[in-house]
Amino acid sequence: MLTTDTSEKGLEVIITDWLVEQNGYERGAMYGTGEYNKDYAVDESRLFRFLADTQPTELAKLRLDEQPNERKAFLNYLSEKLSKEGVIELLRKEFRYKQARFYLFYVLPSKGNTTAEELWGKNIFSVTRQLQYSKENSKLAVDFVLFLNGLPIATFELKNRLTKQNTEDAVYQYKTDRDPKELLFSFKQCIVHFAVDDNEIKMCTELKGKASWFLPFNKGHNDGAGNPPNPNGIKTDYLWKQILVKEELANIIQNYTQVIVEVDEDTKKKSEKQIFPRYHQLSVVESLLADAAHEGVGHRYLIQHSAGSGKSNSIAWLAHQLVTLQNSGKTVFDSVIVVTERVNLDKQIKNTIRKFMQVQSTVGWAVNSGDLKKLLAEGKKIIVTIVHKFQYILEDIGSFHQGQKFAIIIDEAHSSQSGRLSAKMNIALSGTTGEEDDDFEDKINTIIEGKKMVKNASYFAFTATPKNKTLEMFGTPRQEGDQIKYHPYHIYTMKQAIEEGFILDVLRNYMPIQSYYRIAKTVENDPMFDRKRAQKKLRLFVESNEYAIKQKAEIIVEHFHTDVISKGKIGGKARAMVVTSSIQRAIEYYYAICDCLKTRKSPYKAIVAYSGEKDVGGQSVKESDINGFPSTQIEKKFKADPYRILVVADKFQTGFDEPLLHTIYVDKVLSDIAAVQTLSRLNRAAPQKNDTFILDFANRVEDIREAFSRYYKTTILSAETDPNKLNDLIGTLSGLQVYTNEQVRQLVELYLADAPRDQLDPILDACAENYNGLEVEEQILFKSSAKTFVRTYNFLAAILPYGSIEWEMLSIFLTLLIPKLPSPRGDDFSEGILETIDLESYRAEAQTMVSIALEDSDAEIDPIPVRTDVGIPVPEMDHLTAILATFHDLFGNIEWTDADKVRRQIAELPNIVNRDEAYQNAKKNSDAQNARDESDRATMEAIMGTMSAGIELYKHISSNPSLKKWVLDMVFNTTYDTPPSGDVESHE
């Protein structure tokens with residue numbers, strides 16, 4: 001009885017039969033008999049048949065049939081070119097041999113070009129099963145190989161899960177049985193090597209034995225690795241039914257595959273890397289191109305792709321294809337502008353475009369004012385610029401661009417689109433500059449129109465961590481119930497990237513460090529201070545104390561040598577980064593770490609990185625002065641010994657791609673995007689990089705988990721920003737009577753008429769005087785409301801379909817007024833506390849290493865907050881001895897018999913209390929005092945609930961009022977959502 005063939009051979013037959021019967025491939029003779037020439041790794045029969053059919057005149061020049069040796073010489077020269085330049089280059093450009101010129105591949109034709117269509121149709125795509133490739137061992141065979149006009153382009157090893165083998169077995173076979181010295185498997189001779197089973201696909205572009213690096217080529221499933229169930233066939237059949245279709249494979253060869261050449265600036269040594277796009281990169285670029293071609297100009301797209309997912313290549317591929325994109329024979333975009341934070345992206349895009357386009361000088365680099373206009377006039381189709389230069393570039397282009405159509409590609413959109421910069425860009429690109437003799441209303445309306453997202457541009461915004469503003473500005477709106485929510489257009493999640501092994505899970509090995517201090521009172525009396533502010537200053541004092549820095553530096557250096565270097569992380573090449581809270585702290589850490597390295601006679605050195613200058617010992621010092629080499633060399637030096645530890649202050653925490661970075665030591669409070677971006681510096685995969693490590697002196701596990709959870713899967717904006725909040729803010733501002741409507745109009749009229757400065761200041765100064773006459777609480781309310789209005793309006797002005805002259809005038813007025821208003825800080829009742837104390841002892845203790853797990857769910861974030869409920873923090877006065885007692889209760893003054901258990905119980909309290917239903921209701925529907933009462937109740941119930949597991953915490957809480965008060969305060973302050981106390985500027 002016949003049964004279904006569930007073997008590897010059965011899968012091989014399914015794929016090759018489909019390519020031949022459904023997609024017009026030719027079927028090569030099994031084993032390549034009589035067709036495949038092992039000496040040159042080409043299908044000789046089809047190569048010469050293609051040349052004879054398409055270029056007979058050129059072929060006749062060589063008289064190959066009359067001179068048998070000439071045929072061998074031709075193949076020798078072709079083989080030499082394949083080894084040197086690679087099959088990708090030979091398929092893309094002319095191949096010259098003696099007096100003859102050949103095209104080895106005819107590209108996809110544009111519509112209506114009958115000659116090109118005819119030539120395209122003569123390309124020979126073929127598939128050969130069980131190709132015996134080896135001259136030395138004739139029995140060795142690869143499952144099947146694809147040829148294009150006789151040149152090999154892809155090899156395949158198949159496995160079948162029904163016979164208990166999978167993709168990993170195919171990868172192992174490539175690494176151990178497929179010798180890279182064999183011509184077919186040598187670098188650049190073939191474009192890509194696929195390992196395939198019925199569930200997953202992996203690919204590799206350079207076989208290097210056991211060092212071969214296979215990347216996933218999967219669609220993804222449930223925002224993670226793998227492929228979704230296929231109701232119509234095998235999960236992986238998209239490979240042969242979509243990717244290997246002749247038109248799509250030709251498109252990939254023409255527009256995606258490339259060999260990147262990198263040159264070492266010092267040695268001038270060249271290294272090459274062959275690129276084949278991953279599935280998500282193909283998916284996003286082709287989806288965007290199709291939508292832009294169909295919908296035309298004037299649309300917005302947000303692409304949420306995980307850090308380390310190859311966004312640079314995706315941007316480069318998108319840019320070069322947008323330039324030639326057509327709809328009904330007409331060009332969709334006249335120019336493509338790429339706005340980026342990364343200087344090296346310019347070079348990468350230039351190199352990418354150069355591989356694909358015949359027209360020279362297609363890409364321009366806009367650095368200074370006037371460059372954009374000049375480059376467009378010169379016919380540059382793609383213009384790349386750094387975001388902080390963009391505002392200067394746009395200053396003088398004005399109406400030059402009216403009538404042109406733009407594609408704006410934004411790299412890391414969340415940081416590239418401030419309201420003022422995007423407004424300036426929109427005004428410039430739309431040409432809505434107005435006329436000199438326009439009346440006041442016309443000028444205001446011109447400004448309003450200019451702030452809107454322009455109709456003659458489409459925006460393609462890439463980011464791994466979309467903020468609420470980014471989602472609302474570039475995301476796709478969807479009606480869900482009574483709310484409009486904003487989604488990314490295309491996603492490649494952090495979850496999928498981690499599960500596929502393309503990036504590493506940086507939270508798998510996370511060790512918090514708990515610091516313990518004892519502070520001595522150095523004055524005889526017992527002065528009173530503001531307790532909350534005093535606690536903050538005490539924490540800052542002890543953390544920045546020279547002794548504490550030294551202790552932490554010793555921990556860092558010891559850990560790096562014993563747990564990173566000694567364990568041979570990344571093949572002994574591992575690097576580490578120390579993240580500090582300020583330039584001063586970075587410098588202190590640098591010298592402390594250098595001392596520790598010197599003491600242990602370490603062969604390694606540290607580098608310090610910060611921007612600008614810092615006063616050290618009365619001298620202004622730059623990072624280059626300390627390091628002894630220019631700042632531009634930091635990244636390069638860090639790659640080479642003896643430099644292994646990079647100490648940073650707000651530098652290299654974003655956009656720094658160093659695969660050798662293995663460990664991060666954190667002594668800076670991180671939250672939200674800053675936490676994700678900083679710790680994600682570790683996630684770049686590399687050969688022999690199997691894990692990462694984070695040692696954290698400053699953050700709680702829960703805070704890090706919350707930050708990453710927002711961007712682990714799809715990030716969704718829960719609702720639109722309510723424009724009525726602007727009217728609420730106007731009501732608040734008007735009620736404080738700092739300005740009149742007449743003053744607003746008068747000032748804006750003068751400003752737009754380019755009046756002298758001395759005509760504006762009297763109006764602003766009069767309003768500032770009114771502000772100074774307010775009570776401190778009213779000053780805080782006015783200034784914070786003014787800042788919120790300007791920030792919110794600048795954002796909404798770009799996306800609202802309508803405008804308001806009143807809102808625009810008030811925005812201009814407040815923007816000019818706010819710098820005139822002093823900050824209403826009030827009295828600092830913690831002033832002088834540091835002069836009354838000294839650090840008596842310090843101890844840093846490593847906690848249990850944890851693997852921070854993230855919830856498998858999409859995250860919703862709220863729209864930008866528009867708040868008016870701000871106030872001044874009321875000082876809570878207490879004696880110095882009481883403040884120190886509370887501080888010691890927190891940082892180790894109690895001799896616990898089971899310290900670790902108690903510490904875990906305390907750390908878990910906020911989570912338990914936050915889930916209490918009565919407390920949740922009180923937070924939502926009652927005032928702060930009632931919420932505090934419910935918080936205290938829930939906390940004590942949670943503490944009593946620990947008695948079954950251990951009674952020690954309950955005993956100390958019951959007998960130590962100051963400890964009890966601290967615990968209750970800590971839980972409430974952690975769980976109750978109020979404006980932060982302390983620096984009132986944080987309310988604004």
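**Close-up views of selected regions**

**View A. In strand 10, I201 and M203 point one way while K202 and C204 point the other, and all are buried.** Here buried denotes a relative accessible area under 20%, exposed over 50% and partly exposed in between, for a 1.4 Å probe and protein chains only. In a regular strand, side chains alternate between the two faces of the sheet. The model is predicted: local features require pLDDT of at least 70 and side-chain atom pairs pLDDT 80 or more, whereas totals for chains, interfaces and linings use all residues. Residues are numbered from 1 along each chain as its sequence is written, and side-chain values use heavy atoms, leaving out hydrogens and water. Strand 10 runs antiparallel to strand 9, to which four bridges join it. Strand 9 and strand 10 form a hairpin, with four residues between them. Within this pairing, H193 has C204 of strand 10 as its bridge partner. Strand 10 also pairs with strand 11, in the antiparallel sense and over two bridges; there, M203 has L215 of strand 11 as its bridge partner.

**View B. An open sheet of seven strands with mixed pairing follows the order 1-6-7-8-9-10-11.** Strand 1 (26-27) and strand 11 (215-216) occupy the edges, each with a single partner strand, so one side of each has no neighbour in the sheet. Strands are DSSP runs of E with at least two residues, helices are runs of H or I with at least four, and both are numbered from the N terminus. Two strands pair if DSSP finds at least two bridges between them. Strand 1 meets strand 6 (residues 125-132) in the parallel sense over two bridges, and E26 stands opposite S126 in strand 6. Helix 7 (residues 167-177) packs on this sheet and touches strand 8 (151-158), strand 9 and strand 10 (201-204), its direction making about 140° with that of strand 9. Contact means heavy atoms within 4.5 Å.

**View C. An open sheet of seven strands with parallel pairing has the order 18-19-17-20-21-14-24.** Strand 18 (363-365) and strand 24 (490-492) are the edge strands, each pairing on one side only. From one strand to the next, the twist averages 15°. Strand 17 (residues 335-340) and strand 19 (residues 382-386) run parallel and are joined by five bridges. The bridge partner of V338 in strand 19 is V384.

**View D. Helix 2 (residues 44-54) packs against helix 4 at an angle of about 100°, with the axes 13 Å apart.** Axes are lines fitted to C-alpha atoms, for helices over the stretch in contact, and angles between N-to-C directions run from 0 to 180 degrees. Helix 2 and helix 4 are therefore roughly perpendicular to each other (65 to 115 degrees; under 35 counts as roughly parallel, over 145 as roughly antiparallel, the rest as oblique). At the contact, E44, L47, F48 and L51 of helix 2 meet R71, F74, L75 and L78 of helix 4. R71 lies over the face of F48, at 3.9 Å from the ring centre. For such a charge over a ring, NZ of Lys or CZ of Arg is within 6 Å of the ring centre and within 35 degrees of the ring normal. Elsewhere, K552 lies over the face of F697, at 5.8 Å from the ring centre.

**View E. Y77 and F95 illustrate the aromatic pairs, of which the whole structure holds 37.** Y77 and F95 form a tilted pair, 5.9 Å centre to centre with 35° between the planes. Rings of Phe, Tyr and Trp (its six-membered ring) pair if their centres lie within 6.5 Å; planes under 30 degrees apart are stacked, over 60 edge-to-face and the rest tilted. The pair links distant parts of the chain, with Y77 in helix 4 (residues 68-84) and F95 in strand 4 (residues 95-97), 18 residues apart. Y77 is partly exposed, with a relative accessible area of 27%, whereas F95 is buried at 2%.

**View F. The rings of F194 and F276 have centres 5.9 Å apart and planes at 90°, so the pair is edge-to-face.** F194 lies in strand 9 (residues 192-196) and F276 in the loop between strand 13 (270-275) and helix 10 (279-295), so the pair ties together parts 82 residues apart in sequence. F194 is buried, with a relative accessible area of 1%, and F276 is buried with 6%. F144, F156, F194, F217, Y238, F276 and Y279 form one aromatic cluster.

**View G. Nine of the 10 residues of helix 9 (residues 246-255) are buried, so this helix is largely enclosed by the rest of the structure.** Among the buried residues of helix 9 are K246, E248, L249 and N255. In the protein, buried residues make up 53% of the 988 residues.
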